[in-house]
Amino acid sequence: MEQPVLLIVEGAVERRLDLTFADLAGLPEPAQVRDVSRFHATRRGDGVTLEALLEQARPYAEADYVTLHASRDDFHVSVPLQAVRGEGVVVFRLDDRTLGREHGGPIRFLIRDPAACHTDQLDDCANVKYLDRIEVTVRRGRDTRPADEAAHAALHAAETRSGP
Ligand SMILES: Nc1nc2c(c(=O)[nH]1)N[C@H]1C(S)=C(S)[C@@H](COP(=O)(O)O)O[C@H]1N2
Ligand SMILES: [Mo]
């Protein structure tokens with residue numbers, strides 16, 4: 001049976017990518033990031049670098065933002081391309097299986113060294129769960145991260161209620 005497409009990379013790129021589990025697992029070794037708990041104690045799984053995906057997709061010269069979309073809960077984050085390209089990891093596997101929903105799967109975005117929530121563009125809130133589309137953009141795209149502490153607390157309360 002054909003594997004489902006888990007992640008699309010599109011927008012201001014030369015080549016759109018439609019990625020299955022096998023595509024991600026098959027990327028050459030320098031792209032593979034094993035065991036993200038090495039740099040995020042509470043998070044699990046194996047991933048590939050955002051850089052490796054961008055190398056394949058080839059952003060246009062004028063592209064300057066990467067917008068991360070989770071359609072499952074309508075959550076979106078837009079961060080500067082140059083800042084995120086060396087920091088982003090796309091987590092897709094845990095124990096040789098697709099990353100589970102309880103870990104933000106099937107695909108979860110992680111920044112290697114995020115700032116605390118709301119202190120920087122590359123903050124913990126940008127670690128998008130249920131990532132299904134990476135859109136390369138010219139200028140900043142959609143961003144629904146909570147803007148202040150009250151909105152942040154409300155979002156986490158809603159997440160806890162709906163569960164994984
Ligand atoms: N799809 C999605 N991703 C999300 C969120 C969300 O509500 N939906 N919350 C963000 C916020 S505000 C934070 S602080 C982190 C929390 O990640 P954790 O649950 O692994 O601690 O996930 C981020 N990723
Ligand atoms: Mo957050």
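1. A good place to start is the ligand site: the space that ligand 1 takes up is the largest pocket. Please keep in mind as you look around that this is a predicted model.

2. Who sits around the ligand? The shell holds 16 residues, and those that come nearest to ligand 1 are Arg43, Asp73, Arg108, Asn127 and Lys129. Sorted by class, this shell has seven nonpolar, three polar and six charged residues. If you would like one element to look for, try helix H4, residues 149–162, which gives the most to the shell around ligand 1, with four residues.

3. Next, it is worth zooming in on single atom pairs. A nitrogen atom of ligand 1 has a polar side-chain atom of Asp73 at 2.7 Å. For Arg108, a polar side-chain atom lies 2.8 Å from an oxygen atom of the ligand. With Asn127 the backbone takes part: one of its polar backbone atoms is 2.9 Å from a nitrogen atom of ligand 1. As for cover, the protein hides 86% of the 540 Å² of accessible area that ligand 1 has on its own.

4. Now to the strands, beginning at the start of the chain. Strand S1 (residues 5–11) pairs with strand S2 (residues 17–20) in the antiparallel sense, over four bridges. To find your place in this pair, look for Val9, which stands opposite Leu17 in S2. The connection from S1 to S2 is a hairpin through five residues.

5. Strand S4 is a handy landmark, and you can follow its pairings one by one. Strand S3 (residues 32–33) and S4 (residues 46–49) are antiparallel and pair over two bridges; here Gln32 stands opposite Val48 in S4. S4 also runs antiparallel to strand S7 (residues 88–94), to which four bridges join it. In that pairing, Asp46 has Arg93 in S7 as its bridge partner.

6. Two spots in the backbone deserve a second look. In general, most residues other than glycine have a negative phi, and most peptide bonds are trans. Asp96 is not a glycine, yet it has a positive phi of about 65 degrees; you will find Asp96 in the loop between S7 and S8.

7. The other spot concerns a peptide bond. The bond from Gly105 to Pro106 is cis, with omega near 15 degrees. Pro106 has its place in the loop between strand S8 (97–98) and strand S9 (108–111). Arg108, whose side chain has a polar atom 2.8 Å from an oxygen atom of ligand 1, brings us back to the ligand site.

Methods
Residues numbered from 1 in each chain as written. Chains lettered and ligands numbered in written order. Predicted model: local features only at pLDDT ≥ 70, side-chain atom pairs only at ≥ 80, totals over all residues. Heavy atoms only, no water. Near = heavy atom within 4 Å. Polar contact = N/O pair within 3.5 Å; in protein donor to acceptor, adjacent residues only side chain to side chain. Areas by Shrake-Rupley, 256 points an atom, 1.4 Å probe, with all protein chains shown as cover. 1 Å grid on protein atoms, 1.4 Å probe; cavity = no way out; pocket = protein on both sides within 12 Å on 5 of 7 lines; lining within 4 Å. Sits in = over half its atoms within 2 Å of the grid points. Nonpolar A, V, L, I, M, F, W, Y, C, P; charged D, E, K, R; others polar. Pairing = 2+ DSSP bridges.
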